[in-house]
Amino acid sequence: MTNENENTQQQSGGESLQNEGNMPPESNQGMENPENGGTDLSNPDNNEQKNEPPVDDNEGEIYGKPDSYDFSGVDIGENMELEPETTKEFTELAGKCNLSQKTADEFIRLGASLVNKSISQIKGQQIEAYKIALNTDKEIGGTKLNAAIDEAELAYSKFATPELINVFNETGLKYHPEVIKTFRNIGAMMKEGKILDGVHPAEKDLTPAQILYGNNQ
């Protein structure tokens with residue numbers, strides 16, 4: 001009996017050891033050499049996903065405020081200049097944001113560009129308003145407009161200086177009804193011979209208002 005039990009235990013022990021030797025190494029799955037593409041579980045630092053932001057090579061050009069900002073060399077367009085108070089406010093903001101001189105210059109140019117576009121849009125809208133008012137004016141608009149412009153052109157071409165013509169063109173005032181009326185009245189007086197030399201009226205009793213607006217004033 002004793003021998004049979006011992007044999008049975010030995011056989012059972014042998015089978016157990018044999019089974020353990022034949023078991024697949026499940027506990028070793030996923031523990032490959034990290035150099036071969038596996039995960040090294042012995043080093044927890046290697047298992048963490050590091051979401052570090054990419055390095056911006058231009059960061060040094062964007063940030064880094066100078067000792068003082070100088071915008072004297074920034075081209076902001078013709079007939080434009082930096083307003084001191086506004087420039088001071090922007091300088092303070094640029095310093096708080098740690099902007100470099102180059103970045104601050106770009107913001108100045110952008111701001112000037114936006115202002116220029118706004119001015120152009122406003123001027124265009126104003127000119128269109130002048131044209132509408134001119135075409136609908138009860139005195140010289142509609143079918144009377146061409147005749148009024150022809151008379152105005154007589155005085156305009158004779159008396160308007162290049163500087164005044166430039167102002168009219170830049171502002172669109174050449175389309176303003178009152179400007180057309182003024183030059184039309186002068187042109188009508190020229191056709192009637194009431195203005196001889198373009199400076200003094202032929203009739204000495206005419207007032208300045210009568211010279212500009214006719215005898216109806």
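The following exchange examines how terms are assigned in this predicted model.

Me: Why is the pairing of glutamate 61 with lysine 102 called a salt bridge?
Reply: The closest N and O atoms of glutamate 61 and lysine 102 are 3.1 Å apart. A salt bridge requires such atoms within 4 Å, so the pair qualifies. Glutamate 61 lies in helix H2 (residues 59–62) and lysine 102 in helix H4, 41 residues apart.

Me: What makes glutamate 61 buried, partly exposed or exposed?
Reply: The relative accessible area of glutamate 61 is 41%. Buried means under 20% and exposed over 50%, so glutamate 61 is partly exposed. Lysine 102, with 45%, is also partly exposed.

Me: Why is glutamate 151 placed in one exposure class and lysine 191 in another?
Reply: Glutamate 151 has a relative accessible area of 21%, and the limit for buried is under 20%, so glutamate 151 counts as partly exposed. Lysine 191 has 56%; exposed means over 50%, so lysine 191 is exposed.

Me: How do you know that glutamate 151 and lysine 191 form a salt bridge?
Reply: Their closest N and O atoms are 3.7 Å apart, and the cut-off is 4 Å, so the criterion is met. Glutamate 151 lies in helix H5 and lysine 191 in helix H7, so the pair ties together parts that are 40 residues apart in sequence.

Me: What makes lysine 181 and aspartate 137 a salt bridge, and are they buried or exposed?
Reply: Their N to O distance is 3.2 Å, which lies within 4 Å and therefore satisfies the criterion. Both lysine 181 and aspartate 137 are buried.

Technical notes. Residues are numbered from 1 along each chain as its sequence is written. This is a predicted model: local features need pLDDT of at least 70, side-chain atom pairs count only at pLDDT 80 or more; totals for chains, interfaces and linings use all residues. Side-chain values use heavy atoms; hydrogens and water are left out. A salt bridge is a side-chain nitrogen of Lys or Arg within 4 Å of a carboxyl oxygen of Asp or Glu. Helices (H or I, at least four residues) and strands (E, at least two) are DSSP runs, numbered from the N terminus. Buried means under 20% relative accessible area, exposed over 50%, partly exposed in between (1.4 Å probe, protein chains only).
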